[in-house]
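These notebook entries record what I looked up in one structure, in the order in which I looked it up.

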Protein chains: 2
Amino acid sequence: MTPSLTDIRAAADRIRRHIHRTPVLSCAGIDRLVGARLFFKCENFQKVGAFKIRGATNAVLSLNERAAAAGVATHSSGNHAAALALAARLRGVPAYVVMPDTAPQVKKEAVAGYGAKITFCAPTLEAREAGLARIVADTGAAFIPPYNDERIIAGQATAALELLADIPDLDLILTPVGGGGLVSGTALTVRSLSPSSRVIAAEPRGADDAYRSFRAGHIIPSVNPQTIADGLLTSLGDKTFAIIRDCVDDVVTVEEADIIRAMRLIWERMKIIVEPSAAVPLGALLSRSVDVQGKRVAIILSGGNVDLARLPFS
Amino acid sequence: MTPSLTDIRAAADRIRRHIHRTPVLSCAGIDRLVGARLFFKCENFQKVGAFKIRGATNAVLSLNERAAAAGVATHSSGNHAAALALAARLRGVPAYVVMPDTAPQVKKEAVAGYGAKITFCAPTLEAREAGLARIVADTGAAFIPPYNDERIIAGQATAALELLADIPDLDLILTPVGGGGLVSGTALTVRSLSPSSRVIAAEPRGADDAYRSFRAGHIIPSVNPQTIADGLLTSLGDKTFAIIRDCVDDVVTVEEADIIRAMRLIWERMKIIVEPSAAVPLGALLSRSVDVQGKRVAIILSGGNVDLARLPFS
C-alpha cells in the first residue's frame, strides 16, 4: 500500500538518530546562470554518501526480531548496497549483497568496508535477481529491494520532509529518477505538505524508461541503458511507477553533455562533490527542459560517491 | 604595526556583509583515522573560493576615497588576485593584477571573470614585482600586497575569530603557510582569545622557507620551490615572519604524497572540494608530524580552487 504521511513521519522518527540531517545550500552564481532561486538538499553529505541510507535503515529497523536475525539481502549497483550494509551493521545482523561487476570500485569498497558479504554478477537485472534468489534460499535473509518497496519509499520520502521544513514556499522540487524510490517518496511528501509545489523527475536520455513509462501510462523497462549516471540505470518498479504516474507532475530527459556540465558547475562553484546522477536535475535546468525563471526551486542532490580516478572532466 | 585584537574586530565588522560566514564541518571517519576530534573551518566555501577575500576586502575598504579612486593593484599566483578583483568590484574601482603565466587556468579565468585587468609575467618574484611597479607607475593604483601587510593580516585573522566563536576549547589550530598571512592572522587572534591553544603552520617540504626561517630565527626565502600546493609557493615577508616567530608554536613540513593523500581523503569522505594547499595540515596529521591523539584540533581549509582537468588522483 502506498505510504501515507503517517508512515513517512514514522520512518523519520525511526531513522532520525542514525542518519544526518543534511544541509540545504545555495549558490548565487548558479542562481544567476539559470535565472531562479535554487536550494540544494545535500544528500551527498548523507551517511554512505547518498539518500539511500534513509530507505535502507527504515526497512531494516522495520523487521521483527526473528526476521532480522537471519540477515538482509539485496542487489544494487552501489549506493543501496552500501546503505543496506551499514543499516544491517547498526542492527547487528548480516548483510548479503549482489553487485554487478561493473559497479564503480569506490562503491564496491564501501560495501565491503561496511562488512557486507558481496557476490558479483553480470550487469543485468536477470543475473542480479538470480544471484539474490540463491542467497535468500541459502540463508533465509530478508530481501530488501533497492526501491520497489513501501518501507524504502517511505524512508526516501524523509529527505523532502526535512527540505520542506527548512525551505518554505517552493514552486518546484526536482530529483533524479532511476528505480523511482527517491522521486516517488518525494512526491508523496510534497503532495501532503505542499500540494501547490510541483515535483519533476529528471532522467538521463540514455536511460529514459521513466520518461517513456510516464508518457505511455504503463511500465516500459530500459533495454541496455547507457549513461554516466551509474545510479540511474535501473528501471521503475510497479510500486514506484504507480506513485510517479499519480503524483509526479512531469519527467524530463537530460543529455550526457548537460549532466557533465551540471556536475562540473556544482563542483566548481559550490566546491562540493556530487555523483553524476545527482547532477541530472541541474542538467535539465541548464538545457532549459524545465522553465524555472524567477521561481523557487529545490534540487535533491542524491549522492556524492564518485571514483576520483575516473572523472569526466577534460 | 602588528594588528591588535581591536584591529581584527574592526576588520571583521568592515567585511562582514561582503563575505560568507563559513561553516565548520567534522567527519567521524577522518577523526577515527587520526585519533583526534577535528573541526574543519571551510574557507573553500568562502567567496572567490578562498580565505583571501577577507584580507583583500579589508584592505580595499580601508582605503580613503581618493586613494581608492585610482584603483588597486597586486601580484599573486591566484587566490589573492581573484579576491582583490572582487573586492575592487564591490567598491567600484579598477583592479590591476600581475599573474605568473603558470597559474592554474581556473584561477586566471576567475580573476578575469571578476573584471580585473591581468598582466602575465614569468613565475618569479622579480618578474612579478617589476610588472607591478610598471602598473603602479602608469595608473597610480594602490598596491595591495598578497600577505605582507597589516590590513591583509587583520582580514585573514577574522577566520579564526569565527572559528573560536563556533568551537570552544580547541587544543590546537593548524593552517597552511605560504606567505604567512593566514597563519600570522590566526596566531594573533588565538593568542588574544584562546591563549592556551597552540597554533601550528603546515608547509609543503618542497617549499619549506617558513620551516627553515622559523628555526633559523631569520627569513630564508624559497629558491625554486616545487609543490602541488600552488598557493604556498611564496616566501614569508618581514611582517608575517615577525608574527610567526613570536606567536606560532611550530612549523612542520609535509611530503607531497601526504598532501595528495589528505586531499583525496577530504574529497572522498567529506564530499567537499579543497585545493592541495588546504590539505597540507591534514597531511601533517596523517604523517604523524604533529601529535594530536585525543585532542580537539581545528584545521582552516584555506581554499577550494582546483583545475578539475588536472587532478592528482590515479
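The entries below go from the single chain to the pair of chains, and then to helix packing and single residues.

**Entry 1. The model and chain A as a whole**

I noted at the outset that this is a predicted model. I began with the secondary structure of chain A, which has 13 helices and ten strands. I then looked up the radius of gyration of chain A, which is 18 Å, close to the 20 Å that the globule rule gives for 314 residues, so chain A is as compact as a globular protein of that length. The C-alpha trace of chain A extends over about 55 × 45 × 40 Å along its principal axes.

I next checked burial and found that 56% of the 314 residues in chain A are buried. I also looked at how far apart in sequence the contacting residues are. Among contacts in chain A between residues at least 6 apart in sequence, 76% join residues at least 24 apart.

**Entry 2. How the two chains are related**

I asked which turn lays chain A on chain B. A turn of 180 degrees with a shift of 0.0 Å along the axis does so, with an RMSD of 0.0 Å. That is the relation of a two-fold axis. The same surface serves both copies, as 100% of the contact residues of chain A recur in chain B.

I looked for the residue of chain A that comes closest to the rotation axis and found I272(A), with its C-alpha at 2.1 Å.

For the contact between the chains, I recorded 15 residues from chain A and 15 residues from chain B. The side of chain A that touches chain B comprises eight nonpolar, four polar and three charged residues.

**Entry 3. Helices α1 and α8, in both chains**

I then turned to helix pairs. Two packed helices are described by the angle between their axes and the distance between the axes.

In chain A, I took helix α1 (residues 5-15) and helix α8 (residues 150-166), whose axes come within 8 Å and cross at roughly 85 degrees. The range for roughly perpendicular is 65 to 115 degrees, and α1(A) and α8(A) are therefore roughly perpendicular to each other. From α1(A), the contact takes D7(A), I8(A), A11(A), A12(A) and I15(A), and from α8(A) it takes A154(A), G155(A), A157(A), T158(A) and L161(A). I sorted these by class and obtained seven nonpolar, two polar and one charged.

I repeated the lookup in chain B, where helices α1 and α8 pack at an angle of about 85 degrees with their axes 8 Å apart. This makes α1(B) roughly perpendicular to α8(B). D7(B), I8(B), A11(B), A12(B) and I15(B) of α1(B) meet A154(B), G155(B), A157(B), T158(B) and L161(B) of α8(B). The class count for this contact is seven nonpolar, two polar and one charged.

**Entry 4. Helices α12 and α13 of chain B, and L282(B)**

I asked at what angle helix α12 (residues 256-270) and helix α13 (residues 276-286) of chain B pack. The angle is about 105 degrees, and the axes are 7 Å apart. This makes α12(B) roughly perpendicular to α13(B). The contact residues of α12(B) include D258(B), R261(B), A262(B), L265(B) and I266(B), while those of α13(B) include P276(B), A279(B), L282(B) and L286(B). By class, the residues of this contact are ten nonpolar, one polar and two charged.

I followed L282(B), which lies in helix α13 of chain B. Is L282(B) buried or exposed? L282(B) is buried, with 29 other C-beta atoms within 10 Å; the cut-off for a buried residue is 20 or more. Leaving aside residues up to four places away in sequence, L282(B) touches A262(B), L265(B), I266(B) and I299(B). I also noted 13 Å between the C-alpha atoms of L282(B) and R32(B), which are 250 residues apart along the chain.

**Entry 5. A28(B) and helix α11 of chain B**

I looked up A28(B) next and placed it in helix α2 (residues 28-34) of chain B. A28(B) is exposed, with 11 other C-beta atoms within 10 Å; the cut-off for an exposed residue is 12 or fewer. The C-alpha atoms of A28(B) and R269(B) are separated by 9.2 Å, although the two residues are 241 residues apart along the chain.

Last, I asked which residues are buried in helix α11 (residues 238-247) of chain B. They are K239(B), T240(B), F241(B), I243(B) and I244(B). The buried residues of α11(B) pack against α8, α9 (181-193), β8 (198-204) and α10 (209-216) of chain B.

Key: Residues numbered from 1 in each chain as written. Chains lettered and ligands numbered in written order. Predicted model: local features only at pLDDT ≥ 70, side-chain atom pairs only at ≥ 80, totals over all residues. Least-squares fit on C-alpha atoms with pLDDT ≥ 70 in both. Contact = placed C-beta atoms within 7 Å. Nonpolar A, V, L, I, M, F, W, Y, C, P; charged D, E, K, R; others polar. Axes fitted to C-alpha atoms, helices over the stretch in contact; angles between N-to-C directions. Helix = DSSP H or I, 4+ residues; strand = E, 2+ residues; numbered from the N terminus. Parallel < 35°, antiparallel > 145°, perpendicular 65-115°, else oblique. Rg over C-alpha atoms; globule rule 2.2 N^0.38 Å.
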